Amino acid sequence: MEKITSLTNVRIKRVVRLRDKSAERRHEGVFPAEGERLVSEVPEDRLEELFVTEDWIENWLASEGEARPLTPKWLSEGGKQTGEGQLSMIMKSCSEKGLSEESNLLSEKEEERSGNNRRRREVFRRMELAERSGCLFTVTREIFAKISDTRSPQGVLALVKEKQYSLPEVADHFSRILFLENIRDPGNLGTMLRTAEAAGAALILTKGCADIHQPKVVRASMGAIFRVPAFMTESPEETANRLREQGFRVAAAHLEGTNLYQTELGKKIVFLIGNEGNGLTDSLTACADCLLRIPMEGQVESLNAAMSAGLLVYEAKRQQDAHSN
């Protein structure tokens, strides 16, 4: 384990570049994921580096009920290691005392605390993995504030290897696909990732979409970024036509479409969803087999793009589930 104490350290500069520049993320195929929830869900085979503050480790030990004397000496010695690794020894100590196992009898407050601790233990296990691989780094609060993208940093940040998906990987394993054209809002894109996971769907994105690996999207996805297949297309019209050839019905979300709830969507469906302000381009709309409209009352002219995606994909799920029963 290495302790970083300089703001000008090359690793710290690299994290900042990956946080701020989409070109750097694309070039390296790596992106940052910050916070306990995200780090606890990083696939182990995609973990590249892990940065953690000493305070976070001490807080984890305190949450496990450990007394201060157990606080590892390497926190103040700059990262000395022996044998199997300091983190492994700490985890073993907690386990021997029964602190790493869940109790069968928990009150509601204990259940909540247990859930938080479970997430922290997952972070700790990834720290063990990173330590064994020589890619675990402890940093000061000041340094973590420099690499953080949040107002209230939790003290853990991972660099994660991107996973590339092909169109066949998406089309062969999913019957519901959200095809996003020029979606620019990171919050919308992150929400669509979560919605896709919840509804059992995959994503296709055009080059005009926000960078799916930027910090705001990753954070809004609540971990779905690690699990939802997303294919990036440079030829939207060609991709839509290829999907049709593979048996998908291509439907465009459009204000002039037919009522969503009065339309038979079919066994395999692709929903074309356009930019938040301008909607779909004419060229991609022309690729659709049908136009679909979400019925609205009052004076509302349109819905948020992420909301529309959720309504569309869940109606498809409802219909497909009904036919399969």
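Here's a quick briefing on the salt bridges, one helix, one sheet and one surface patch of this structure. Keep in mind that the model is predicted. Salt bridges get most of the space: a search of the whole structure turns up 18 of them, and R14 is a good place to start, with partners at E28 and E48.

**Helix α1**
- Helix α1 covers residues 10–20, and its buried residues are I12, R14, V15, V16, L18 and R19.
- The N-terminal end of α1 is capped by N9, which puts a side-chain oxygen 2.8 Å from the backbone nitrogen of R11.

**Salt bridges around R14**
- Some background first: side chains with opposite charges can pair when their charged atoms come close.
- R14 and E28 meet through their side chains in a salt bridge, at 2.6 Å from N to O. This pair links distant parts of the chain, since R14 sits in helix α1 and E28 in helix α2 (residues 22–28), 14 residues apart.
- R14 also forms a salt bridge with E48, where the closest N and O atoms are 2.5 Å apart. E48 belongs to strand β3 (residues 47–53) and R14 to helix α1, so this pair ties together parts that are 34 residues apart in sequence.
- Are these residues buried or partly exposed? R14 has a relative accessible area of 15%, so it counts as buried. E28 comes out at 29%, which makes it partly exposed, and E48 is partly exposed as well, with 22%.

**A pair between α3 and α7**
- E36 and R120 make another salt bridge through their side chains, with N to O at 3.1 Å.
- Which parts of the chain does this pair tie together? E36 lies in helix α3 (residues 36–41) and R120 in helix α7 (residues 108–133), so the bridge connects parts that are 84 residues apart in sequence.
- E36 has a relative accessibility of 10% and so counts as buried, whereas R120, at 21%, counts as partly exposed.
- Back to R14 for a moment: salt bridges with shared partners join R11, R14, E28, E48 and E49 into one network.

**The six-stranded sheet**
- There's an open sheet of 6 strands with parallel pairing, and its order reads β8-β7-β6-β10-β9-β11.
- Why do β8 (230–233) and β11 each have a side without a neighbour in the sheet? Both stand at the edges and each has a single partner strand, so one side of each is left unpaired.
- From one strand to the next, the twist averages 30°.
- Inside the sheet, β9 (residues 249–259) and β10 (residues 269–273) run parallel and are joined by 4 bridges. V250 stands opposite V270 in β10.

**A nonpolar surface patch**
- V300, L303 and M307 form a nonpolar patch on the surface, and together they have about 250 Å² of accessible area.
- V300 is found in the loop between β11 (290–293) and α14 (305–324).
- With a relative accessibility of 44%, V300 counts as partly exposed.

Key. Residues numbered from 1 in each chain as written. Predicted model: local features only at pLDDT ≥ 70, side-chain atom pairs only at ≥ 80, totals over all residues. Heavy atoms only, no water. Patch = residues over 30% accessible without salt bridge, like charges linked within 9 Å, V, L, I, M, F, W, Y side chains within 5 Å. Areas by Shrake-Rupley, 256 points an atom, 1.4 Å probe, with all protein chains shown as cover. Salt bridge = Lys/Arg side-chain N within 4 Å of Asp/Glu carboxyl O. Helix = DSSP H or I, 4+ residues; strand = E, 2+ residues; numbered from the N terminus. Buried < 20%, exposed > 50% of the residue type's maximum accessible area, 1.4 Å probe, protein only. Polar contact = N/O pair within 3.5 Å; in protein donor to acceptor, adjacent residues only side chain to side chain. Pairing = 2+ DSSP bridges. Axes fitted to C-alpha atoms, helices over the stretch in contact; angles between N-to-C directions.
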